[in-house]
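Morning, everyone. I'll take one structure today and go through a pocket, the domains, two sheets and a cavity. Have a look first.

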Amino acid sequence: MKKGYLLKTTAVVGLSAFLLAACGNSGNGEGGSNEGTTLNWTTSGELPTMDTTMATDNISFTAMEAVNEGLYRQTQEGEYELALLAEEPEISEDGNTYTYKLKDNAVWSNGDPITANDFVFAWQRLVNPDQGATYSYLLDGIVENASEIIAGDKDPSELGVKAIDDHTLEVKYAKPVPYIEGLLAMAPLYPLNEKYVNEKGDAYGTTAENVLYNGPYVLEGWDGTNLNWTMKKNDQYWDKDAVKTDVINWQVIKENSTALNLFDSGEIDYTTVGGEYAQTRQDDPNLASSPESTIAYIKMNQERDGKETPLANKNIRHGIAQAIDKDSYVDDVLQNGSVKADYFVPKDLASDPNGGEDFRKENGSDLLPYDLEAAQEAFKQGLEEIGEDNISLELLTDDTEGAKRSAEYLQGQLQENLDGLNVEIKAVPFKSRIAADDKQDYDLQIALWSADYADPINYLELFQTDGPNNKSGYSNPQYDELIKASLNETEKLDERWDNLKEAEKMLLDDAAIAPLYQRSQAYLQNPSVKDVARNQVGANEGFKWVTKE
């Protein structure tokens with residue numbers, strides 16, 4: 001799922017004025033602001049959409065988690081608690097039919113009650129092939145008839161979900177799903193007000209004024225393209241007494257130096273810190289690092305504009321994947337606590353269903369390591385196989401300071417280590433990179449994926465031949481069979497676990513991707529800010545309980 005990134009220097013004067021009007025922070029990240037109810041936060045990129053059906057990135061998911069919610073919400077401890085549910089569901093004897101009772105005091109920001117039909121409409125919209133939602137995969141093979149609807153073989157009205165009455169939702173699952181609460185806490189499965197969405201048409205989710213809210217905050221000041229927006233406490237929220245912060249001002253900042261200056265002058269309460277900037281702040285008590293389930297990797301596109309690329313050659317891919325010194329990358333370039341990844345499924349995500357051993361430990365951590373001699377030999381052989389002496393590839397990345405620095409390192413490694421390879425960097429705004437990925441319009445791309453839920457399948461299913469997030473041309477029928485078997489198996493969990501391990505090894509033996517690192521995020525945060533939820537799965541941050549002393 002997930003991606004993210006960041007402001008131009010020419011906007012700094014306007015940014016400072018905007019933040020100073022909202023905040024009186026005392027400098028060095030300390031002190032109070034506006035009676036302790038206003039936060040000034042930063043993010044790394046533009047907000048692509050507020051249409052929960054169409055979102056695919058973590059910037060959108062983080063915003064949606066703050067202003068809306070579904071049946072469940074993730075807690076600060078990473079567990080799941082009832083959100084719009086009044087009580088735990090009733091489950092049929094066969095374990096496939098769940099009856100959910102909704103709260104009777106939950107309303108939309110326009111005063112309309114939240115009803116079971118809001119979920120029926122949202123889920124049918126998600127699987128409707130005419131909508132083209134990438135995250136329809138969340139229901140594919142999970143809810144009765146979802147797979148057939150996504151394939152165009154059944155009508156969305158046949159989805160196994162119905163409103164028994166205004167506050168009773170019945171869902172027929174195609175199979176028992178051990179991680180169902182995690183799925184139901186995700187933005188694409190939030191409810192939607194059918195009348196409102198239909199009235200807005202194509203404008204729905206494109207600006208703050210074209211969205212209804214049912215969560216802790218409401219969004220204001222986002223016009224669809226701007227670099228700042230505001231979240232204000234939602235007085236219509238059913239649990240508004242738990243929300244202690246009145247305003248969160250958000251700003252996109254793309255240069256570390258700009259963000260650090262604003263933090264030091266007390267104008268922002270939080271910013272991520274990358275590269276050498278983190279090293280210069282090692283003694284700063286406001287510096288922290290949060291480990292994540294995020295894996296960064298190079299996505300290698302095998303087909304572009306209907307034509308096969310050099311990356312369709314396995315040896316070319318292996319050469320690229322093994323020509324990068326990842327130890328140097330994380331130690332000298334990232335410098336934020338991230339660790340090299342010679343694997344795809346992250347450490348500390350999921351454990352063996354019986355023995356409790358971490359998936360990463362069981363499957364090994366050196367599946368596709370840096371090996372210069374092997375890389376050069378494979379790349380040379382690949383050039384011979386495609387009948388070329390040299391090739392030129394474009395490396396797509398975000399236009400942030402950190403992303404461009406990473407791209408330059410990777411460019412240098414690949415060009416210096418592989419004779420016959422030229423790499424051109426293409427740095428674009430975050431929204432543009434997402435669009436290029438959707439259209440499969442790139443050669444190489446620096447991509448990231450964070451877990452939507454805590455199961456290895458959430459990573460490995462990405463690269464099925466027809467996977468909605470594949471968009472790289474990779475296809476291996478044996479791999480597809482392993483993923484299909486893992487998705488369908490709900491009883492023989494040991495067998496499923498073995499299939500997942502074999503699938504990861506197969507993916508990296510094919511060098512379908514080039515894993516780079518498992519991310520830790522270094523950041524500076526005002527010490528008076530408490531109770532920001534930092535999640536390993538789903539939205540990276542949660543703000544329902546955040547306070548400022």
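Let's start with the second largest pocket. Its lining has 32 residues, and those nearest the centre are Asp140, Gln464, Asp466, Gly467 and Pro468. Keep in mind that this is a predicted model.

Which elements give two or more residues to that lining? They are α3, residues 116-127, α4, residues 146-150, and α16, residues 477-488. Helix α16 gives the largest share, with four residues. In volume, the second largest pocket comes to about 740 Å³. On chemistry, the lining splits into 14 nonpolar, eleven polar and seven charged residues.

Now, where does the second largest pocket sit relative to the domains? It lies between domain 1 and domain 2, because both give residues to its lining.

So, the domains themselves. The assignment for the protein chain has domain 1 in two segments, 38-250 and 526-548, and domain 2 at 291-521. Their C-alpha centres are 29 Å apart. How many residues are in contact across the two domains? On the domain 1 side there are 21, and on the domain 2 side 27.

Next, the sheets. One is an open sheet of four strands, ordered β1-β10-β9-β8, and its pairing is mixed. Which strands stand at the edges? Those are β1, residues 38-43, and β8, residues 217-220. Each has a single partner strand, so one side of each has no neighbour in the sheet. From one strand to the next, the twist averages 25 degrees.

Take one pair from that sheet. Strand β1 runs parallel to β10, residues 247-252, and six bridges join them. To find the register on screen, look for Thr38, which stands opposite Val247 in β10.

A helix packs on this sheet as well: α2, residues 58-67. It touches β1, β8, β9 and β10. The direction of α2 makes about 125 degrees with that of β8.

On to the other sheet. It is open too, with four strands in the order β4-β5-β7-β6, and here the pairing is antiparallel. The edges are β4, residues 90-91, and β6, residues 161-165. Again each edge strand has a single partner, so one side of each is left without a neighbour in the sheet.

Strands β4 and β5 run antiparallel and are joined by two bridges. Strand β5 covers residues 97-101. In this pair, Ile91 stands opposite Tyr98 in β5.

Remember α3 from the pocket lining? Helix α3 also lies across β6 and β7 of this sheet. It runs at about 165 degrees to β6.

Last stop, the largest cavity. How much space lies in it? About 190 Å³. The lining has 20 residues, and closest to the centre are Glu65, Ala185, Met186, Tyr190 and Ala539.

Two elements each supply at least two lining residues here: α2, which we met on the sheet, and β2, residues 72-74. The largest share comes from β2, with three residues. By type, the cavity lining divides into nine nonpolar, six polar and five charged residues.

To recap: the second largest pocket lies between the two domains, α3 lines that pocket and lies across β6 and β7, and α2 packs on the mixed sheet and helps line the largest cavity. That's it from me. Over to you.

Definitions and conventions
Residues are numbered from 1 along each chain as its sequence is written. This is a predicted model: local features need pLDDT of at least 70, side-chain atom pairs count only at pLDDT 80 or more; totals for chains, interfaces and linings use all residues. Side-chain values use heavy atoms; hydrogens and water are left out. On a 1 Å grid over the protein atoms alone, a cavity is a set of points where a 1.4 Å probe fits but cannot get out, and a pocket is an open set with protein on both sides within 12 Å along at least five of seven lines; lining residues have an atom within 4 Å of a point. Grid points are joined across faces, edges and corners, and a volume is the space filled by probe spheres set on the points. Ala, Val, Leu, Ile, Met, Phe, Trp, Tyr, Cys and Pro count as nonpolar, Asp, Glu, Lys and Arg as charged, and the others, Gly among them, as polar. Domain bounds come from an automatic or database domain assignment. Two strands pair if DSSP finds at least two bridges between them. Axes are lines fitted to C-alpha atoms, for helices over the stretch in contact, and angles run from 0 to 180 degrees between N-to-C directions. Contact means heavy atoms within 4.5 Å.
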